[in-house]
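Colleague: Got a minute to go through this one with me? I'd like to talk about the cysteines and then a sheet.
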Amino acid sequence: MGRVFVIDLDGRSYRCRFCDTPLALADHVLSRSFNCRQGRAYLFSNVVNITLGPQEERIMLSGLHTVEDIFCCCCGQILGWKYVVAHDKNQIYKEGKFVLERWRITDDVAEELNLDVHAGSSDTESS
């Protein structure tokens, strides 16, 4: 198959829940109010370290779209989808954008906050 080169991201980012590969910067989130079959999802302007599946027509809550599934380049886990074509003119803003299902990704920010809380509490206990 060949060697996988992973792009590292500087700043707050979202990662694959299964192998911790960086996927997208928090600054690239366009919407946190998307939904998928499994619950919440986020719309991103840019995502890295992925491979794309074949294009397929899919009927979604917002109508018919041509999409490509998104897979983690390291572990191969499906993460969401990319909008290729929106067949409804009111949905054209989604074209070229990426959706990551929330339960399949982790947020660096939450982990940093937990580390800060634990670090703060251990400092307090040692005083």
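**Cysteines and a sheet**

Modeller: Let's start with Cys72, which counts as buried at 2% relative accessibility (buried means under 20% relative accessible area, exposed over 50%, partly exposed in between, with a 1.4 Å probe and protein chains only). Keep in mind that this is a predicted model: local features need pLDDT of at least 70, side-chain atom pairs count only at pLDDT 80 or more, and totals for chains, interfaces and linings use all residues. Residues are numbered from 1 along each chain as its sequence is written, and side-chain values use heavy atoms, with hydrogens and water left out.

Colleague: How many disulfides does a search of the whole structure find?
Modeller: Zero, where a disulfide is a pair of cysteine sulfur atoms within 2.5 Å.

Colleague: Why no bond for Cys72?
Modeller: Because the closest cysteine sulfur, in Cys19, is 3.5 Å from the sulfur of Cys72, too far for a bond.

Colleague: And what about Cys75, which cysteine sulfur is closest there?
Modeller: The one in Cys16, but at 3.7 Å that is too far for a bond too. Cys75 is partly exposed, with a relative accessible area of 37%.

Colleague: OK, on to the sheet. What's the strand order?
Modeller: S2-S1-S9, an open sheet of three strands with antiparallel pairing. Strands are DSSP runs (E, at least two residues), numbered from the N terminus, and two of them pair if DSSP finds at least two bridges between them.

Colleague: Which are the edge strands?
Modeller: S2 (22-25) and S9 (105-107), each pairing on one side only.

Colleague: How many bridges between S1 and S2?
Modeller: Three, with S1 covering residues 13-16. Tyr14 has Ala24 in S2 as its bridge partner.

Note on methods. Helices (H or I, at least four residues) and strands (E, at least two) are DSSP runs, numbered from the N terminus.
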